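Visitor: I am new to this structure. Could you walk me through its main features?

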Amino acid sequence: MKVLAINPGSTSTKIADYENETCLWKQGIDHPSSEINVFSRVGDQYEYRIALVLKTLEEKGTSLEEFDAVVGRGGMLKPLVGGTYLVDDYLVNILQDAPGGEHASNLGGIMAYHLGQRIHVPAYIVDPVTVDEMDPVARLSGLPELPRLSQSHALNMKAVARKVAHQMGKAYQDVNLIVVHLGGGISVAPHCKGKMIDVNNANNEGPYSVERCGTLPVYQLVKLCYSGKYSEKEVLTKILKEGGMFAYLGTKDAREAEERILKGDLTAKLVLEGLCYQVAKEIGAMATVLAGEVDRIILTGGLAYSEFIVREIIQRVSFIAQVIVSPGEEEMTALALGALRVLRGEEKAMTYEA
Ligand SMILES: Nc1ncnc2c1ncn2[C@@H]1O[C@H](COP(=O)(O)OP(=O)(O)OP(=O)(O)O)[C@@H](O)[C@H]1O
Ligand SMILES: CCCC(=O)O
């Protein structure tokens, strides 16, 4: 069985060619802002990105017709249980209209659908950003009209959680884990016997990341919003794209921040320590969600390559449980495996409904 996996990010599209579990090749395609910024809506980028995917397939000597399915990262949908979903006309229209918000991951299903249509094979998405397995008690925010929403790096967190459980000689459904995705955004989730029963919303709660604010002092935020200085769009940009480490240091690249620390920059040190401090605090909070019964803490994502960050977090949380560091992401494999489970009849693809 051959599966084409597509993972669109805000500045790049990763694609990978899988023959069963084996990745034959993987390629990142960069999208310069001069090319991306001409589209007013994320969903409108699909033809532009598909053309680049087809060019890459040609360069690799791989024909689109070889694939039995196309699978993409799933986006900002309504809250749903984890697993593999068929992308049909209904779902592709929802991803295109983006009522749940504009996000590059919406393109995963759209691109998979259109490529699948060309060669008459099914298109899927796996563990979208809005996977929601939260306990009822976790949904309360303190204001009934503002329920907490589960928006996270579910795809990578579940894939890494399954891998670590396997390494422990157990099934994902038999362990309690706190999984921390340290990427452009940060998700910290307690996985209780195979279910992600809580998670900070990676777009607007929890630790600040290299580009996002995380939880903010609400009173001051309201004052800022009504100060007349910023439009709604500008405030959202501050929160989602120009907050966190970027707001303090003017860079989203943790490697650059680390180099500055080595050169004696005390502000860079404080800001990176602050990020780790907040991550550790969130892990502590999620340990209480599991009533202290934590088999492992897992650090994953791009920032887990950083010795400084890993050391800072571990020194605060190692009293809770053993910490496993699994840097980078397993998203492409997770996408391929999700499609393969369905193609082999091991799992039935779910249908997205209104
Ligand atoms: N070897 C490394 N050492 C330190 N930091 C690193 C290293 N490699 C990547 N990073 C940092 O990881 C961050 C990006 O992480 P990652 O690539 O997981 O994010 P992303 O895929 O862009 O976003 P997301 O994970 O939220 O979808 C950047 O700040 C980058 O500088
Ligand atoms: C919304 C969380 C997922 C991401 O930032 O990619």
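Guide: Start with a term. Two residues are in contact if their C-beta atoms, placed from the backbone, lie within 7 Å. Keep in mind that this is a predicted model. Here, helix 2 (residues 46-60) lies across strand 1 (2-8), strand 2 and strand 3. Helix 2 runs at about 45° to strand 2.

Visitor: How do strands of a sheet pair?

Guide: They pair through backbone hydrogen bonds, either parallel or antiparallel. In this model, an open sheet of seven strands has mixed pairing. The order is 3-2-1-4-6-5-12.

Visitor: Why is one side of strand 3 and of strand 12 left without a neighbour in the sheet?

Guide: Strand 3 (22-30) and strand 12 (350-351) stand at the edges, so each has a single partner strand. For strand 3, look at strand 2 (residues 12-19): the two pair in the antiparallel sense over eight bridges. Ser12 has Asp30 of strand 3 as its bridge partner.

Visitor: Which domains does the assignment give?

Guide: Domain 1 covers 2-130 + 331-351, and domain 2 covers 136-321. Their centres, taken over C-alpha atoms, are 25 Å apart. Ten residues from domain 1 and eight residues from domain 2 make the contact. On the domain 1 side, helix 12 (residues 331-343) gives the largest share, three residues. That side divides into four nonpolar, three polar and three charged residues.

Visitor: Which residues come nearest to ligand 1?

Guide: Gly183, Gly184, Gly302, Tyr305 and Ser306, out of 16 around ligand 1. The shell holds four nonpolar, eight polar and four charged residues.

Visitor: What surrounds ligand 2?

Guide: Val129, Gln151, Ser152, His153, Gly185, Ala202 and Asn203. Two are nonpolar, five polar and none charged.

Conventions:
Residues numbered from 1 in each chain as written. Chains lettered and ligands numbered in written order. Predicted model: local features only at pLDDT ≥ 70, side-chain atom pairs only at ≥ 80, totals over all residues. Near = placed C-beta within 6 Å. Nonpolar A, V, L, I, M, F, W, Y, C, P; charged D, E, K, R; others polar. Domains from an automatic or database assignment. Helix = DSSP H or I, 4+ residues; strand = E, 2+ residues; numbered from the N terminus. Pairing = 2+ DSSP bridges. Axes fitted to C-alpha atoms, helices over the stretch in contact; angles between N-to-C directions.
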